[in-house]
Amino acid sequence: MLQAHSFLWHYLWLAPHILQVVLAILVWRRGLHKLFPLFFAYLVFEALEEFLLYTLDVIPSVRGEIFWGAFCVGLVIEGFLKLAVVGELFSHLLRDWPAIAKVGGRLVTAVGAALVLLATLAAAMAVPDNNHLLISGSHLLQQTFYIVECGLLVSLFSFAAYFKLGWSQRIFGIAMGFGILTCEHLAAWAVMANSGLTVRGRSLLDFLNMATYHLCVLIWFYYLLLPQKSATTSAVLLPETNLDIWNRELERLLQQ
């Protein structure tokens with residue numbers, strides 16, 4: 001069962017992305033694509049990318065170079081989309097401080113992109129784990145993206161915890177799904193790229209990656225489609241926080 005091209009292998013590759021298409025349709029019908037346009041774009045692109053890769057993999061006449069070339073191109077686009085989603089989550093988390101949210105979201109995306117470029121250069125000098133350049137390069141590139149994404153997500157959660165910011169269930173659900181996905185994939189690809197695994201070991205890691213993605217799609221289903229709890233407002237004036245002060249000063253600087 002835990003072998004490539006087994007029934008479970010086909011299911012774990014296709015099922016999460018079929019669910020992604022369903023989720024994207026429901027997100028569109030409920031108007032949530034207007035709140036999370038970058039996350040919606042990620043859902044659509046990831047599903048289409050995986051359907052293409054699956055098709056290239058199961059067609060015997062397709063050469064390995066074509067598959068891994070498409071994989072690398074999709075990986076780069078997917079990686080930058082994820083960085084943009086983290087910036088989008090940051091902006092939503094700081095929606096009560098629009099000036100900070102506007103600058104902060106762009107800063108997160110820009111810093112993430114710069115870290116990816118630097119980490120890619122470092123990965124290019126690493127010892128390859130495969131004689132085929134496209135395969136070893138894709139492993140190192142994927143590991144690089146997950147390092148940067150993990151760092152940005154840890155920063156996002158730490159920032160929210162430090163300033164005691166409230167999470168909406170949708171923002172928390174998207175962030176938690178990406179957090180679980182990133183941590184597991186980072187660990188798996190680090191093992192795959194830096195240790196001499198057997199074919200059996202690599203196959204087991206592939207199954208673990210696909211099963212984790214399936215779980216994360218279900219998490220997004222739950223948090224995005226669950227009815228929102230109505231927020232209660234208080235008549236008591238809350239004390240001004242550091243974020244209020246920073247937001248006011250940043251607005252003043254932007255207007256100059």
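Which side chain meets glutamate 65 in a salt bridge? I looked this up first. The partner is arginine 63, at 3.6 Å from N to O. I note that the model is a predicted one.

**Entry: glutamate 65 and arginine 63**

I checked where glutamate 65 sits and found it in helix α3. Its relative accessibility is 39%, so I put glutamate 65 down as partly exposed. Arginine 63 has a relative accessible area of 52% and therefore goes down as exposed. I also looked across the chain from glutamate 65. Isoleucine 135 is 70 residues away along the chain, yet the C-alpha atoms of glutamate 65 and isoleucine 135 are separated by 8.9 Å.

**Entry: salt bridges in the whole structure**

How many salt bridges does a search of the whole structure find? I got two. Besides the pair above, I have glutamate 78 and lysine 82, whose side chains meet at 3.0 Å, N to O. Both glutamate 78 and lysine 82 belong to helix α3, and because they are four residues apart there, about one helical turn separates them.

Is this second pair buried or exposed? I found glutamate 78 buried, and lysine 82 buried as well. For glutamate 78 the relative accessibility is 7%, which is why I list it as buried. I then listed what glutamate 78 touches, leaving out residues up to four places away in sequence: Tyr42, Phe45, Glu46, Glu49 and Tyr146.

**Entry: glutamate 50**

I turned next to glutamate 50, in helix α2. Glutamate 50 is buried but has no salt bridge. Which side chain of opposite charge is nearest to glutamate 50? I found lysine 82, 8.5 Å away. A salt bridge needs a nitrogen to oxygen distance within 4 Å, so I could not count glutamate 50 and lysine 82 as a pair, at 8.5 Å. Lysine 82 is the residue I had already written down as the partner of glutamate 78. With residues up to four places away in sequence set aside, glutamate 50 touches Trp13 and His17.

**Entry: the largest pocket**

I then looked at the largest pocket and noted a volume of about 1,000 Å³. Its lining holds 40 residues. Which of them lie nearest the centre? I wrote down Trp13, Phe67, Trp68, Phe71 and Asp206. Trp13 was already in my notes as a residue that glutamate 50 touches.

I asked which elements give two or more residues to this lining. They are α1 (7-29), α2 (37-58), α3 (64-93), α5 (133-162), α6 (169-194) and α7 (199-225). Helix α2 is where I had found glutamate 50, and helix α3 is where I had found glutamate 78. By residue class, I sorted the lining into 22 nonpolar, nine polar and nine charged.

**Entry: the protein as a whole**

Last, I went through the overall make-up. I counted eight helices and zero strands. Read from the N terminus, the order of elements is α-α-α-α-α-α-α-α. The protein has 256 residues, and 44% of them count as buried. What share of the contacts with a separation of 6 or more comes from residues 24 or more positions apart? I noted 80%.

Conventions. Residues numbered from 1 in each chain as written. Heavy atoms only, no water. 1 Å grid on protein atoms, 1.4 Å probe; cavity = no way out; pocket = protein on both sides within 12 Å on 5 of 7 lines; lining within 4 Å. Points joined across faces, edges and corners; volume = space filled by probe spheres on them. Nonpolar A, V, L, I, M, F, W, Y, C, P; charged D, E, K, R; others polar. Buried < 20%, exposed > 50% of the residue type's maximum accessible area, 1.4 Å probe, protein only. Lys, Arg positive; Asp, Glu negative; His and termini not counted. Contact = heavy atoms within 4.5 Å.
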